[in-house]
Amino acid sequence: MAHAAHRHTPDDTSGASGAPGSTALSAGADPVPGTGQAGPSLSLPPTAALTAGRGGQPRLLVDAPAGYGEVYLHGATVTSWRPRGSKEVIFTSRQAVFDGRTAIRGGVPLCLPVFSDGIHGDARPRHGWARTSPWRLLSVSPTREAGVRALFLLSRDHLTALYEVEVGHELVLSLSLRNDAASPRTVEAALHTYLAVHDVTGTEVSGLDGAPFTDNLSGSVLSGLPENPPPGAGGRHLLQRGPVTVSGPVDRIYRSESDLRVSDPGHHRVITVRKRNAASTIVWNPWSTGSAAMPDMADDEFASMLCVEAGAVRQDAPTIMPGESWSMRAVVGTEPA
Ligand SMILES: O=P(O)(O)OC[C@H]1O[C@H](O)[C@H](O)[C@@H](O)[C@@H]1O
């Protein structure tokens with residue numbers, strides 16, 4: 001059953017001036033029209049800089065006492081996050097294309113307003129337009145926890161998306177969507193988080209035990225189960241037993257709101273993902289077979305990444321009423337193992 005959307009209530013825990021919500025949707029600096037870049041009135045704290053990154057693409061760079069991070073305005077794609085004193089947590093391919101058109105291979109692309117081929121199996125572009133659109137940087141401010149919070153805006157196709165990225169001891173990703181159309185709208189959304197792991201074959205994802213999932217790599221949809229995806233959505237329904245391990249290609253959509261723990265023993269850490277209002281978790285690794293066909297990913301890189309994506313997709317996509325908002329959040333952290 002699709003989740004009903006609600007009027008957005010500003011978030012209670014972040015203390016963010018720019019917490020996702022309708023007031024912030026009208027705020028912000030003067031963006032440079034059409035470029036997605038921040039305008040001259042945007043003020044940056046000394047712990048952040050707006051610079052040219054790979055391919056000369058505009059990128060917000062954060063180097064704060066609590067953590068380091070990078071966010072490209074193209075797709076509002078986070079491509080790096082390191083809590084102070086830790087190794088990189090976000091995988092971005094060394095062959096990723098930074099041309100302002102192509103989706104960045106790695107980081108945290110935003111899948112919006114569809115995931116993959118969409119609920120009906122025919123949506124284009126794949127994963128929606130958010131990851132290949134120029135976002136506007138509305139504000140950048142220091143947090144009380146010695147990090148930096150940045151707010152990005154994208155309005156397109158009668159949908160206004162506000163995306164708050166907090167770089168600090170944790171990486172806090174909050175997405176808020178407002179339906180600007182006159183009729184209800186079902187929207188899929190996912191924070192397609194590429195985690196950097198030392199060796200994916202030694203990684204376990206906990207928190208999904210008992211969760212039903214659709215295996216996008218296996219045969220046809222089993223009939224007779226409740227809430228089968230419609231034709232085209234593909235996959236086979238199964239139940240997870242124990243932690244998820246990777247010894248081949250994995251592409252699964254779990255129906256689970258649970259928080260996740262991703263062991264990364266080679267880096268002596270556990271990566272944690274706390275989710276809010278995200279009823280789906282997608283786990284993806286293309287393995288050598290899948291990555292060989294991907295020009296923007298090197299052949300050996302599949303072994304050092306695992307996508308663990310918080311989202312609300314397929315049967316769990318929210319239907320947002322006209323003028324109303326819906327929001328979700330993922331908080332990525334690390335713990336010593
Ligand atoms: O290659 P992309 O369009 O970026 O998609 C990369 C992957 O994204 C998700 O994880 C999907 O579940 C996969 O089926 C897909 O292969």
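Here is a short tour of this predicted model, taken point by point.

1. **The chain as a whole.** A good place to start is the overall make-up: the protein chain holds 1 helix and 23 strands. Of its 337 residues, 50% are buried. Contacts also reach across the sequence: among those between residues at least 6 apart, 66% join residues at least 24 apart.

2. **An open sheet.** Next, please find the open sheet of 9 strands, whose pairing is antiparallel. Reading across, the order is E6-E7-E8-E9-E23-E19-E18-E13-E16. Its edges are strand E6 (136–142) and strand E16 (244–245), each of which pairs on one side only.

3. **One pairing inside that sheet.** Strand E13 (residues 204–206) and strand E18 (residues 260–264) run antiparallel and are joined by 2 bridges. To see one pair of partners, look at Ser206, whose bridge partner in E18 is Arg261.

4. **Strand E3 and the strand before it.** Strand E3 covers residues 67–72, and 5 of its 6 residues are buried. Over 6 bridges, E3 pairs in the antiparallel sense with strand E2 (residues 58–64). The link from E2 to E3 is a hairpin through 2 residues. You can spot Ala64 standing opposite Gly67 of E3.

5. **Strand E3 and the strand after it.** E3 also pairs with strand E4 (residues 77–83), again in the antiparallel sense and over 6 bridges. Here Tyr72 has Thr77 in E4 as its bridge partner. The hairpin of E3 and E4 has 4 residues between the strands, and within this hairpin Gly75 takes a positive phi near 75°.

6. **Ala76, worth a second look.** Ala76 lies in the loop between E3 and E4. Its phi is near 45°, a positive value in a residue other than glycine. Is Ala76 buried or exposed? Ala76 is buried, because 31 other C-beta atoms lie within 10 Å, and 20 or more are enough for that label.

7. **Trp287, another positive phi.** Trp287 is found in helix H1 (residues 287–291). The phi of Trp287 is near 60°, which is likewise a positive value in a residue other than glycine. Its surroundings put Trp287 in the partly exposed class, because it has 17 C-beta neighbours inside 10 Å, a count between the limits of 12 and 20.

8. **Two cis peptide bonds.** Please check the loop between strand E5 (110–111) and E6, where Pro113 is found. A cis peptide bond joins Leu112 and Pro113, with omega about 0°. Pro125 is also in the loop between E5 and E6, and the peptide bond from Arg124 to Pro125 is cis, with omega near -5°.

9. **The nonpolar core.** How many residues does the largest nonpolar core have? The core has 87 residues, and those with the most contacts inside it are Phe152 and Leu195. Setting aside neighbours within four places in sequence, Leu195 is in contact with several residues, including Val89, Ile90, Phe91, Val262 and Ile271. Met305, Leu306 and Val308 are also among the contacts of Leu195.

10. **Around the ligand.** Which residues are around the ligand? They are Ala103, Ser116, Arg126, His127, Asn216, Asp251, Ile282, Trp284 and Cys307. Sorted by class, this shell has 4 nonpolar, 3 polar and 2 charged residues.

How values were computed. Residues numbered from 1 in each chain as written. Predicted model: local features only at pLDDT ≥ 70, side-chain atom pairs only at ≥ 80, totals over all residues. Near = placed C-beta within 6 Å. Nonpolar A, V, L, I, M, F, W, Y, C, P; charged D, E, K, R; others polar. Pairing = 2+ DSSP bridges. Contact = placed C-beta atoms within 7 Å. Core = buried A, V, L, I, M, F, W, Y, C linked by C-beta atoms within 7 Å.
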